[in-house]
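Biologist: Please select one position in this model and examine it closely. I should like to know how it sits in its surroundings, and then how the neighbouring parts continue from there.

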Amino acid sequence: ALVTPLGVVGDYQTAPYVAIWGGHAGFDRAVMLWSADVIQAVNNDGGAYFPGASGEQITVSGVDWSLVKTGVRVAIGQHVLLEVTYV
């Protein structure tokens with residue numbers, strides 16, 4: 001996937017009609033990460049969530065979320081470095 005300041009290319013939340021309800025959070029919140037471990041925990045308690053259900057573009061597992069704070073940088077593959085701007 002190609003990541004730009006507007007988000008992940010092909011992500012429907014970057015479509016012009018989304019601007020009406022503010023689905024895209026702006027240049028400093030163009031990509032959302034979420035935890036597969038949290039999704040699993042919620043589902044273990046009776047939830048019915050799946051990757052992408054919260055609008056995230058990237059779902060990861062095995063991350064110690066207590067270490068994910070504003071300003072932390074997260075490498076996605078070899079070519080993308082994201083900076084956490086909101087927790």
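Modeller: Ser35 is buried, with a relative accessible area of 1%; buried means under 20%, exposed over 50% and partly exposed in between, computed with a 1.4 Å probe and with protein chains only. The model is a predicted one, in which local features need pLDDT of at least 70 and side-chain atom pairs count only at pLDDT 80 or more, whereas totals for chains, interfaces and linings use all residues. Residues are numbered from 1 along each chain as its sequence is written, and side-chain values use heavy atoms, with hydrogens and water left out.

Ser35 belongs to strand β3. Strands (E, at least two residues) and helices (H or I, at least four) are DSSP runs, numbered from the N terminus. Setting aside residues up to four places away in sequence, Ser35 touches Thr59, Val60 and Trp65, where contact means heavy atoms within 4.5 Å. With Trp65 there is also a polar contact of 3.2 Å between the two side chains. A polar contact is a pair of N or O atoms within 3.5 Å; within protein, one atom must be able to donate a hydrogen and the other to accept it, and residues adjacent in sequence count only if both atoms are side-chain atoms.

The side chain of Ser35 has a further role at the start of helix α1 (residues 36-44), since Ser35 caps the N-terminal end of that helix. The polar side-chain atom lies 3.1 Å from the backbone nitrogen of Asp37. Further along, Asn44 lies in α1 and is exposed, at 55% relative accessible area. Its side chain makes a polar contact of 2.8 Å with the side chain of Gln40. An α-helix has 3.6 residues a turn, so residues three or four places apart point the same way. After α1 comes Gly46, whose phi is positive, near 105°.

Trp34 also lies in β3 (residues 33-35). Trp34 is partly exposed, with a relative accessible area of 32%, whereas Ser35 is buried. Together with Met32, Val38, Val42 and Tyr49, Trp34 forms a nonpolar surface patch with about 390 Å² of accessible area. Such patches are made of residues with over 30% relative accessible area and no salt bridge; nonpolar side chains (Val, Leu, Ile, Met, Phe, Trp, Tyr) are joined within 5 Å, and like charges within 9 Å. The areas come from the Shrake-Rupley method with a 1.4 Å probe, and for residues only the protein chains shown count as cover.

Another residue to place relative to Ser35 is Asp64, which lies in the loop between β4 (58-60) and β5. Asp64 and Ser35 are 29 residues apart in sequence, with their C-alpha atoms 9.7 Å apart. Asp64 is partly exposed, at 43% relative accessible area, and its side chain makes a polar contact of 2.6 Å with that of Ser66.

Beyond this loop, strand β5 (residues 73-76) runs antiparallel to strand β6 (residues 80-83), and four bridges join them; two strands pair if DSSP finds at least two bridges between them. They form a hairpin with three residues between them, and Gly77 in the turn has a positive phi of about 70°. Ala75 has Leu81 as its bridge partner in β6, and Arg73 stands opposite Glu83. The side chains of Arg73 and Glu83 meet in a salt bridge (3.4 Å, N to O), defined as a side-chain nitrogen of Lys or Arg within 4 Å of a carboxyl oxygen of Asp or Glu. Arg73 lies in β5 and Glu83 in β6, so the pair ties together parts that are ten residues apart in sequence. Arg73 is exposed, at 56% relative accessible area, while Glu83, at 43%, counts as partly exposed. The structure holds one salt bridge.

These parts belong to a protein with one helix and six strands, arranged β-β-β-α-β-β-β from the N terminus on. Of its 87 residues, 20% count as buried. Among contacts with a separation of 6 or more, 39% involve residues 24 or more positions apart. The protein exposes about 6,200 Å², of which carbon and sulfur atoms supply 60%.
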